[in-house]
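Student: Could you walk me through this structure and tell me what lies behind the labels people put on its residues?
Tutor: Gladly, let's look at it together.

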Amino acid sequence: MSVPLALLGLLEREPSHGYDLKRDYDTYLGGGKPLPFGQVYATLARLARDGKVSAGQSEPGDGPDRKRYAITPIGRNEVGAWLAEPVAAEPFLQTVLFTKVVLALMLGRDAAGYLDAQRSTHLRRMRELSEVKRGGALIDTLLADHAMFRLEADLRWIDVTQARLGALAEKVRER
C-alpha cells in the first residue's frame, strides 16, 4: 500500500486534519492494520515539502493546534496517474512458500510436513476471514474476499505441489 498516495486520495475529497486522515485510512483502507499517527504526520510533511499538499494555518482545538491539509494540483495529478495505472502482476516466479519447499527437499527435511502445516495455517486464516465477512461491513467483506481468494490459490498450489513432491525432490537433488 502506498500510504502517501492513499493520503493524497483522501485529501482529494476534501481538506482534512491529520487525525481525520488517519481515521479514514484506518476505516476504509487499513484492513485491520492501523496507520500510526507518526507516519501520518511524517508523510504529510514530506508531501508538503514536495508541493503535493499545502498545510493551512494552525487551528485551535481541544488538543494541540491542528493544521488542515489540502491537496495541490501536483498532488491531484499524481493521484490521477496512480489510479489510472493497473497494479503490476507479480513479476517474479518466486515465493517464500516455493523457496521453503525446495530448500526442505534439498536439505532432506520434511517438505510434505511443511506443506501440511502451511495448509492448516491457511485454513485457519480462512475461517477467521469468514468470521470477518459474517459480521463485517462491505469494505471488510471485500478485503476478506480478496485475501481468501489468494489463500485459495495457495491451497490449490499446495495440493499440486504435494502431488509432484517426489519428482521435485529428484530434480533438486540432481546436483
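**Reasons behind the labels**

Tutor: Before we start, keep in mind that this is a predicted model. Thr72 lies in the loop between strand S3 (66-71) and helix H4 (73-84).

Student: Why is Thr72 called buried?
Tutor: Its relative accessibility is 15%, and buried means under 20%, so Thr72 counts as buried. Leaving aside neighbours within four places in sequence, Thr72 is in contact with Gly51, Lys52, Val53 and Ser54.

Student: And Thr43, is it buried or exposed?
Tutor: Thr43 has a relative accessible area of 2%, so with the cut-off at under 20% it is buried. You will find Thr43 in helix H3 (residues 37-49). Apart from neighbours within four places in sequence, its contacts are Val3, Pro4 and Leu7. A polar atom of the Thr43 side chain also lies 2.7 Å from the backbone oxygen of Gln39.

Student: What makes Arg150 exposed?
Tutor: Exposed means over 50%. Arg150 has a relative accessible area of 55%, so the label fits. Arg150 is found in helix H7, and it is also among the residues that lie nearest the centre of the second largest pocket.

Student: What can you tell me about the second largest pocket?
Tutor: Its volume is about 420 Å³, and 14 residues line it. Helix H7 (residues 138-163) gives the most to that lining, with 6 residues. By class, the lining has 9 nonpolar, 2 polar and 3 charged residues.

Student: How many aromatic pairs are there?
Tutor: The count comes to 2. In one of them, Tyr19 and Phe37 are 6.0 Å apart, centre to centre, with 15° between the planes.

Student: Why is the pair of Tyr19 and Phe37 called stacked?
Tutor: Ring centres must lie within 6.5 Å to pair, and planes under 30 degrees apart count as stacked; 6.0 Å and 15° meet both conditions, so the pair is stacked. Tyr19 lies in helix H2 (residues 18-29) and Phe37 in helix H3, so the pair ties together parts that are 18 residues apart in sequence.

Student: What makes the pair of Phe98 and Trp157 edge-to-face?
Tutor: Their ring centres are 6.4 Å apart and their planes stand at 70°; since over 60 degrees counts as edge-to-face, the pair gets that name. Phe98 is in helix H5 (residues 96-106) and Trp157 in helix H7, so the pair links distant parts of the chain, 59 residues apart.

Student: How do you know that Trp157 is partly exposed?
Tutor: Its relative accessible area is 28%. That value falls between the cut-offs of 20% and 50%, so Trp157 is partly exposed.

Terms used
Residues numbered from 1 in each chain as written. Predicted model: local features only at pLDDT ≥ 70, side-chain atom pairs only at ≥ 80, totals over all residues. Heavy atoms only, no water. Helix = DSSP H or I, 4+ residues; strand = E, 2+ residues; numbered from the N terminus. Buried < 20%, exposed > 50% of the residue type's maximum accessible area, 1.4 Å probe, protein only. Contact = heavy atoms within 4.5 Å. Polar contact = N/O pair within 3.5 Å; in protein donor to acceptor, adjacent residues only side chain to side chain. 1 Å grid on protein atoms, 1.4 Å probe; cavity = no way out; pocket = protein on both sides within 12 Å on 5 of 7 lines; lining within 4 Å. Points joined across faces, edges and corners; volume = space filled by probe spheres on them. Nonpolar A, V, L, I, M, F, W, Y, C, P; charged D, E, K, R; others polar.
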